[in-house]
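Got your viewer ready? Load the model below and keep the selection panel handy.

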Amino acid sequence: MLRNLLVTAHGKRPNTSSGNGSNGNSAHPHTQAVEATIDDLYYNSRSGLRGLFIFLGASAIALYFNEHSLAGSLPADIMEQLGSTPPAILVNYVFGASTFSSLISIGGRIYHDRKPGKTSTHLWFRVFFYLLYFISGALGDYFNVVFISGLVVLGLQHYNVWNYYIRAIELNADNSTA
């Protein structure tokens, strides 16, 4: 059981000394591995917050292009070759299903105390909808909807990640002191 505590989040085992005192850590070789694990857990606990900041940056870029569309940005002959843009109603259906699925998935993981999913998945779905609405020419109409739903989904994801890893840190800290 103690051996499992020494495995870091990356699956590597720490180097243990032979007891000769050559590396200066011979008195407490296990303390360094537990600290590395706790550091990795702290790093992981902030992934939801990093996702929120990246989303805010992408939202600022989308806000800049709020009044533009793909059809207005490209020449007419290129748009003719690309074909028609998807109607906004179809993007709305996919957007609603994605948001609803994300909220159910994150809520279920919170309720059952499961390991959170990747924040990047939720982040790139939200950014992708900015792109889809830009392509369909409806970014100006749906910017606020994507922004608010992105804040809700990524905020809930951040809570899920933070809560899960803080509990893991507390358990790890309790086991290392015992």
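Here is a short tour, from the whole chain down to one side chain.

**Before you click.** This is a predicted model, so local features need pLDDT of at least 70 and side-chain atom pairs count only at pLDDT 80 or more, while totals for chains, interfaces and linings use all residues. Residues are numbered from 1 along each chain as its sequence is written, and side-chain values use heavy atoms, with hydrogens and water left out.

**Whole chain, cartoon view.** You get 8 helices and 0 strands, with helices (H or I, at least four residues) and strands (E, at least two) taken as DSSP runs numbered from the N terminus. Switch to a surface: about 11200 Å² is exposed, and carbon and sulfur atoms supply 60% of that (Shrake-Rupley method, 1.4 Å probe; for residues, only the protein chains shown count as cover). Of the 178 residues, 31% are buried, meaning under 20% relative accessible area (over 50% is exposed, in between is partly exposed; 1.4 Å probe, protein chains only).

**Select 119–136.** That's helix H7, with 18 residues and a reach of 26 Å from first C-alpha to last, close to the 26 Å expected at 1.5 Å a residue (1.5 Å times one less than the number of residues). Its buried residues include His122, Phe129, Leu132, Tyr133 and Phe134. Step just past the end of H7 and you land on Gly137, with a positive phi near 85 degrees.

**Add 47–64.** This is helix H3, and its axis comes within 9 Å of the H7 axis, crossing at roughly 10 degrees. So H3 is roughly parallel to H7 (angles under 35 degrees count as roughly parallel, over 145 as roughly antiparallel, 65 to 115 as roughly perpendicular and the rest as oblique). The axes are lines fitted to C-alpha atoms, for helices over the stretch in contact, and angles run from 0 to 180 degrees between N-to-C directions.

Now show side chains. On the H3 side, look for Gly51, Ile54 and Ala58, among others; on the H7 side, Thr119, Trp124 and Val127 are among the partners. Contact here means heavy atoms within 4.5 Å.

**Zoom to Phe55.** Which helix holds Phe55? Phe55 sits in H3, and because its relative accessibility is 0%, it counts as buried. Its touching residues, leaving out those up to four places away in sequence, include Leu123, Arg126 and Tyr130, plus Val146, Phe147, Gly150, Leu151 and Leu154. Last stop: draw a line from the C-alpha of Phe55 to that of Ser120, 65 residues apart along the chain, and it spans 10.0 Å.
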